[in-house]
Amino acid sequence: MKFLDNSSIVVDAILTKKGRELLARGFGEFNITQWALADDEVDYDLWNPTHPQGSDYYGIQIENMPLLEATPDETQSMKYKLVTLKKKTSRIPIITVGSTSITLTAEGDVARIVPNTSNFANGNKMLGYTAILSDSDLCDIYTVDPVTLNTEATIPRFVSDSEAAHSVSVIGYSFEVRAKKQILADKVGTVTIIGNETGGRVLITVTALQETTATIRT
Amino acid sequence: MATLPTSLESGLVNSGDVTQPGGIGGEVSTSNLDAVISAQAQDMAKQIIAQQTLSNQVSFNNAVRTEALKIADAIVQERQNRERILKQLESTGRIYTLFDVTEIVPNVVSTESEGMFSINGTGTGSLDAFYTSSDQSSTTKAYYLDVYNEVTSSATSEVQFVIAYGNRLGSGSLVENGDSPTKAIYSQFRNILLTPGDTQFTMGDDTNINEIFVVSFPRIRMKEKLDPGNWEINVSGSTRQIRLIDDSDATVNVTVNEAGRVFNVVSGTIANLTDAEIYSPTTYYGLAYPDLGIIILDAQKLRISASFALVSGSGSTDNGVNQYALWKAISGSGYNNYDFLARNEQKINSTYYYVHVKNSEYNYSNNPTFITGSVGDLKYQDFIDDPIVYPTSVGLYNDRNELLAIAKLSQPLKKSFELEANIRVRLDF
């Protein structure tokens, strides 16, 4: 008879940029209250249900893979979160939008984004969605239908060498993007919509066209 | 606006140089009366101001208290709202779990030590190669000598420790325009390490140490402090070699002065402790200040014991000669396979977060490879009855769902409806 394994896994955490910022700000703003799990690096295509040595080996390729160190960039971590669902679930809640491509033809053009959660009744109806605009030089983004809970997130991220441009995060049930003036060329960016309850995400490509004499508004 | 006390209102009215009856009692001259009234008025005014100050303070305190209670209520309310919502979500889909109060253990202090030196970019407690750099300017070499682990052209070359020579009288250096580097060094370390008014280092019975060697470690190498009892310098001259350690192992009551703990530097090795147990009387070669990462050595005693030459007196025609002498004596030890051994030490403040993943939780993934098609179907039929996921990261969030810290597992962790997981996440500050 062998002893039962009651050991726990011990891991070291690193602060993210946001964590360092809040820690430096003081006034008790650094306050960890909840946790989540993610499997960003795992490719489930490596799961092999036809492994000749049987079911114990279906996941052998995943289980033996080495993992990368944690990165302090909070926008590049915890992308694919694990979610608690009832057993016998056959479909994962997914986030959908009307179109995954938006083209804004002139400064001030507006497009609305209304996310929806499929495969889960009332999914994300309480905590709503987080919309992350990748580049604030592209357009403005704002919430049309805000959530009642005060969870307004701000996750700034510098884009290349431009310190003026950064990503913008807003929370709500629906959003609008408003084009900014593009003088030199067309500008392309993304808006990532993340379900705050179910964790699914969808990527929307946003293109703001270069200003021409035909599109200038007086 | 405050009203005057009745005694003043019904009291005397200044009507020139006459005597008038009043409430103050007896007959008084108008000049005396003015003084009395003035004094009383001042007393009254002080009382009124004191009352008003007290009243204002009470009002202010009440206002602060009211606002603090409001803020506290709002925080509690928000927390309760969130808990309520997350409780509701427990039976449905969720990606976050709130920590219970008992699952967060803050301010755990632990002491960590590691090798003081670096070789090929990794820490080690033993240094066997000692390089100087021609890149170090002659100006700074007059004061101290940087000692590297590798030739400075190497990408992993770093300063491991610094040697300086100090002379209370300024000997051993080229004095130019009244500037004596050795005197400056002696004075600098005397000021840092000795009590105010103490002008000379004392080692054992010798209270007049005029010549010192300083061995100090860069902050990045020693972290918080030099680990007492775990360092050993080997110095070799032409005829002898001596190995030096501190006497912390034999010290019951540690001396603590303005520079922190102080230990004597004596002959011995880490492995066999002090030679004082063998040789008597003990020779004190210096003083070790582990909290500052500084070792002070008696230059003359070291020179005689290890047998190497020093430039002293006022005849020096060059700067920085004596620190080179000690460097050669130490590097000679390295050549003879007697390394410089040292460890650093630091206290780490950590908070532990205990993540308990129940068997019924977190068995599905938003990973795009977990599904197939565009409607979210699980990729494998087996996963409908027995989903298996492999978490690789634990994210720690605040109430605003902002990722504040992240921990990575060493390997993917198998998780299913049959498996639970306990993960202890340590966050150092």
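Two residues are in contact when they have heavy atoms within 4.5 Å of each other. Keep that in mind as you open this predicted model, where local features need pLDDT of at least 70, side-chain atom pairs count only at pLDDT 80 or more, and totals for chains, interfaces and linings use all residues. Residues are numbered from 1 along each chain as its sequence is written, chains are lettered from A and ligands numbered from 1 in the order in which they are written, and side-chain values use heavy atoms, with hydrogens and water left out.

**Stop one: chain A.** Select the chain and colour it by secondary structure. You'll find 2 helices and 15 strands (DSSP runs numbered from the N terminus: H or I of at least four residues for helices, E of at least two for strands). Of the contacts in chain A between residues at least 6 apart in sequence, 73% join residues at least 24 apart. Of its 218 residues, 46% are buried, meaning under 20% relative accessible area with a 1.4 Å probe, protein chains only.

**Stop two: M78(A).** Go to the loop between α2 (60–63) and β3 (82–83) of chain A. M78(A) isn't a glycine, yet its phi is positive, about 55°. Most residues other than glycine have a negative phi. M78(A) is buried, at 1% relative accessibility.

**Stop three: Y362(B).** Now hop to chain B and the loop between β20 (343–357) and β21 (364–365). Here Y362(B), also not a glycine, has a positive phi near 50°. Its relative accessible area is 0%, so Y362(B) counts as buried.

**Stop four: helix α6 of chain B.** Select residues 299–306; the buried ones are A299(B), L302(B), S305(B) and A306(B). They sit on the same side of α6(B), because they cover an arc of only 140° around the axis (taken from the directions from the helix axis to the C-beta atoms). At the N-terminal end, D298(B) acts as a cap, with a side-chain oxygen 3.2 Å from the backbone nitrogen of Q300(B). Just after the helix comes S307(B), with a positive phi near 65°.

**Last stop: a cavity.** The whole structure has 2 cavities of 30 Å³ or more. A cavity here is a set of points on a 1 Å grid over the protein atoms alone where a 1.4 Å probe fits but cannot get out, and lining residues have an atom within 4 Å of a point. The second largest has a volume of about 30 Å³, that being the space filled by probe spheres set on the points, which are joined across faces, edges and corners. To see its lining, select L37(A), V357(B), P391(B), L413(B), K415(B), A421(B) and I423(B).

Key
1 Å grid on protein atoms, 1.4 Å probe; cavity = no way out; pocket = protein on both sides within 12 Å on 5 of 7 lines; lining within 4 Å. Buried < 20%, exposed > 50% of the residue type's maximum accessible area, 1.4 Å probe, protein only. Polar contact = N/O pair within 3.5 Å; in protein donor to acceptor, adjacent residues only side chain to side chain.
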